[in-house]
Amino acid sequence: MASVLTLTVTLFVLGSLLLGSAFLDSTLNNIQDKVDISVTFLPDASEEAVLSLKESVVLLPEVSAVEYVSKEEELALFRERHKDNSLIIQSLEEVGNPFGARLNIKAANPSHYETIANFLGNRAGEGAASTDRIIDNLSFKKDIVDKLLKVIASSRKVSVAISIVLVVTSIMVTVNTISLAIYISRDEISVMRLVGAGDMYVRGPFMVEGVIAGVIASIFSLILLYPATVWVRNATTNVYGGVNLVSYYTEHFGQIFLTLLFSGILLGVIASWLAIRKYAKV
Amino acid sequence: MIYFDQVSKVYPGEMVGLADVTFTVEPGEFVSVVGHSGAGKTTLLRMILGEDRPTSGNVFFESADIHKLGKRELPLLRRRIGSVFQDVRLLPNKTAFENIAFTMEAAGRTDDEIASDVPYVLELVGLGDKLWHFPHELSGGERQRVAIGRAIVNQPDLLIADEPTGNLDPLNTYEIIQIFKKINDIGTTIILTTHNKGVIDDLGKRVLTMEAGQVVRDDKRGRYVL
């Protein structure tokens, strides 16, 4: 029973890590989707210059979409954002339109941002020497993505460490349980050996015991995972609407079920094998 | 059938189990091994079952070196050897029938064979009416008979018995020995260890006398000499 419990906890954590990494992956995808390069132009840059740059960017194979935001639209957006702040609106009236036009560039693949940024950087560099410098600022959210990737990588490391500790613990507890079962039936085993029972005849029942513990534990952990995903969804809807773990869980149920079942059986078999090797010599 | 070739066994702490033992047992023989406690009788039997390894020398069962058999072959060898012990070693939570059925099952026999052979064997050892008794419901002599039934049910070529009459009164001892004689008469080789002078004198068969791990006498028609 103790072994089923520890196996359940181990499998539950393994399942959570599985779901957790799915969650992180989809979050990453979401954010990568939103990442784009925004090129801000100087306020006095002419519309033709901006549009011609847009044409040349569109021709790049790495670029999937380019959105042009004119300086008037930019101003309107700003007004909209700050419509409740009369001070800002008022000072805006005095300054006129301080904004430059903007290009939002989306890459076909996140790894292409570097190339596109370099291309634009070169254009900006050329412009800087001459008088027709139009690009004011080049910003892209690579830093955020990099940070996120680092977070995911380190969280993966932590979860692998946790799983290893749990796997070892559960194997040790299961080895103990099965060793006890072997000890209880040591008379049977010694008689079996004397009458020439085969290896599998003597060891089989204990192997089966380990497998059954693994199967029961995987079913328990699957049942436990469902309320856990519901809880996570309820806790994260406000923070982040992107992923629904519950639907992920139900959609990938077969896959998760097989993974946990297989891990459970594997853990049970390893534990029984260790116990048998130690205590039920033929 | 059994051949000990200069077999020595030294236990940790310089305890000598066997010292340079060489002898042969022919098929169909009834050999008694006598000697004081600690003379090496039990070690001898454990060697034949492959439960103990010799420090040096070889033990052969027919042409096979027992201690060079693989994990799969040793159980097959043990199925050809029946064994009986002084402490009986019946499983307390199984009836006489189940105890015997259990060993047949372990040896891979079918349910039909079990259903027909077990009552037959229990009849043979004189317990035809006590199939469903548990060991604690049987007397010492009856328990030993169940153990003998268990040892012979798989029709072994060799029966080894380690002081099977050690805990029994003279009448039960006599009856057990009669059963052994019967088993030997149908061709089963028997190796028996005993302390009992009466048993040896009654049998009038070959006797090996052991002392401090050595075979000191080998008499064809033995008497108990110590």
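In which helix is B:Q178 found? In this predicted model, B:Q178 belongs to α6 of chain B, a helix that covers residues 170–185. The residue has 12 C-beta neighbours inside 10 Å and therefore counts as exposed, since the cut-off for that class is 12 or fewer. A partner further along the chain is B:D202: 24 residues separate B:Q178 from B:D202 in sequence, while their C-alpha atoms lie 9.9 Å apart in space.

From this exposed helix residue, the description turns to the nonpolar interior. The largest nonpolar core is made up of 90 residues. Within this core, the residues with the most contacts are B:I48, B:I100, B:L159, B:I160, B:I190 and B:I191. For B:I191, the contacts can be named one by one: leaving aside residues up to four places away in sequence, B:I191 touches B:V25, B:V31, B:V33, B:L45 and B:I160. B:I160 thus appears both among these partners and in the list of core residues with the most contacts. A second core, separate from the largest one, has 13 residues, including A:V39, A:A45, A:V50 and A:I116.

The two chains also meet each other. Their contact draws 12 residues from chain A and 13 residues from chain B. On the chain A side, two elements each supply two or more residues, namely α7 (186–194) and α8 (199–236). Of the elements on this side, α7(A) gives the most, with 5 residues. Sorted by class, the side of chain A that touches chain B comprises 7 nonpolar, 2 polar and 3 charged residues.

Methods. Residues numbered from 1 in each chain as written. Chains lettered and ligands numbered in written order. Predicted model: local features only at pLDDT ≥ 70, side-chain atom pairs only at ≥ 80, totals over all residues. Contact = placed C-beta atoms within 7 Å. Helix = DSSP H or I, 4+ residues; strand = E, 2+ residues; numbered from the N terminus. Nonpolar A, V, L, I, M, F, W, Y, C, P; charged D, E, K, R; others polar. Buried ≥ 20, exposed ≤ 12 C-beta atoms within 10 Å, placed from the backbone. Core = buried A, V, L, I, M, F, W, Y, C linked by C-beta atoms within 7 Å.
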